[in-house]
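Please open the structure in your viewer and set it to show side chains as sticks. The tour below moves from one selection to the next and says at each stop what is there.

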Amino acid sequence: QVQLVESGGGLVQAGGSLRLSCAASGRTFSNYAMGWFRQAPGKEREFVACINWSGTNTRYADSVKGRFTISRDNAKNTVYLQMNSLKPEDTAVYYCGRGWGTSEADFSSWGQGTQVTVSS
């Protein structure tokens, strides 16, 4: 069972940037697709982005396309989410998970999450 630990969240002004990291345990990280979801207060967890095992294929939610970039470094067992041009509506707890797709059901082994707060 892979364990995931997210980091890099914080408070940022609208228009700013943050880079989230998700460190995975285990020797088989490079075998798996990975993704990011987020959950705002009072809302359901929603898909943000995912990346295949090699980093050659990615998918994004329409709401973040062109602003966020998902990437991975298999040598470091880490997946990243670069977030630019942040908006107050990006405020949420961000979670990484193992899997591929746009549904929570496509993912497993969630991390504990990292809070991102964007002030206006």
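What follows is a walk through a predicted model, stop by stop.

**Stop 1: the disulfide**

Begin by selecting Cys22 and Cys96, which are joined by a disulfide with an S to S distance of 1.9 Å; the structure holds one such link. If you turn the view along the S-S bond, you are looking at a right-handed link, with 55° about that bond. Colour the strands as well, and you will see that the link connects distant parts of the chain, since Cys22 lies in strand S3 and Cys96 in strand S9, 74 residues apart. Is Cys22 buried or exposed? Cys22 counts as buried at 0% relative accessibility, and Cys96 is likewise buried, with a relative accessible area of 0%.

Now add Cys50 to the selection. Cys50 takes part in no disulfide, and the nearest cysteine sulfur, that of Cys96, is 13 Å away. With a relative accessible area of 0%, Cys50 is buried.

**Stop 2: the nonpolar core**

Next select Trp36, Val48, Phe68, Val79, Leu81, Met83 and Tyr94, the residues that touch the most other members of the largest nonpolar core, which has 31 residues. Several strands contribute to this core: S3 (18-24), S4, S5 (46-51), S7 (68-73), S8 (78-83), S9 (92-99) and S11 each supply at least two of its residues. Which strand gives the largest share? That share, five residues, comes from S5. As background, nonpolar side chains in soluble globular proteins tend to be buried together.

Keep Leu81 on screen and show its surroundings. Setting aside residues up to four places away in sequence, Leu81 touches Leu18, Arg19, Leu20, Trp36, Val48, Ala49, Phe68, Thr69, Ile70 and Tyr94.

Then step along to Tyr80, which lies in strand S8 and is buried, with a relative accessible area of 12%. Under the same exclusion of residues up to four places away in sequence, Tyr80 touches Arg19, Leu20, Ser21, Trp36, Thr69, Ile70, Ser71, Arg72 and Asp73. If you draw a C-alpha to C-alpha distance from Tyr80 to Trp36, you should read 9.0 Å, although the two are 44 residues apart in sequence.

**Stop 3: the aromatic rings**

Clear the view and select Phe37, Phe47, Phe107 and Trp110, which ring pairs link into a cluster. The count of aromatic pairs in the model comes to four. Look at Phe37 and Phe107: their ring centres are 4.9 Å apart and their planes stand at 70°, over the 60 degrees that the label requires, so the pair is edge-to-face. Because Phe37 lies in strand S4 (residues 34-39) and Phe107 in strand S10 (residues 107-108), this pair ties together parts that are 70 residues apart in sequence. Both Phe37 and Phe107 are buried.

Turn then to Phe37 and Trp110, whose ring centres are 5.2 Å apart with planes at 85°, so this pair is edge-to-face. Trp110 lies in the loop between S10 and strand S11 (114-119), and Phe37 in strand S4, so the pair ties together parts that are 73 residues apart in sequence. Their exposure can be set side by side: Phe37 counts as buried at 1% relative accessibility, whereas Trp110 is partly exposed, with a relative accessible area of 26%.

With Trp110 still displayed, add Arg45, whose charged end sits over the ring of Trp110, 4.8 Å from its centre. Adding Tyr95 shows a second ring for this arginine, as Arg45 lies over the face of Tyr95, at 3.8 Å from the ring centre.

**Stop 4: strand S11 and its partners**

Finish by selecting strand S11 and colouring its residues by face. The covered face holds Thr114, Val116 and Val118, while the uncovered one holds Gln115, Thr117 and Ser119. Now bring in strand S2 (residues 10-13), which pairs with S11 in the parallel sense over four bridges; Gly10 stands opposite Val116 in S11. Last, show S9, which runs antiparallel to S11 and is joined to S11 by three bridges. Here Tyr94, one of the core residues picked out at the second stop, stands opposite Thr114 in S11.

Definitions and conventions: Residues are numbered from 1 along each chain as its sequence is written. This is a predicted model: local features need pLDDT of at least 70, side-chain atom pairs count only at pLDDT 80 or more; totals for chains, interfaces and linings use all residues. Side-chain values use heavy atoms; hydrogens and water are left out. Rings of Phe, Tyr and Trp (its six-membered ring) pair if their centres lie within 6.5 Å; planes under 30 degrees apart count as stacked, over 60 as edge-to-face and the rest as tilted. Buried means under 20% relative accessible area, exposed over 50%, partly exposed in between (1.4 Å probe, protein chains only). A charge sits over a ring if NZ of Lys or CZ of Arg is within 6 Å of the ring centre and within 35 degrees of the ring normal. A nonpolar core is a set of buried Ala, Val, Leu, Ile, Met, Phe, Trp, Tyr and Cys residues joined through side-chain atoms within 4.5 Å. Contact means heavy atoms within 4.5 Å. Two strands pair if DSSP finds at least two bridges between them. A disulfide is a pair of cysteine sulfur atoms within 2.5 Å.
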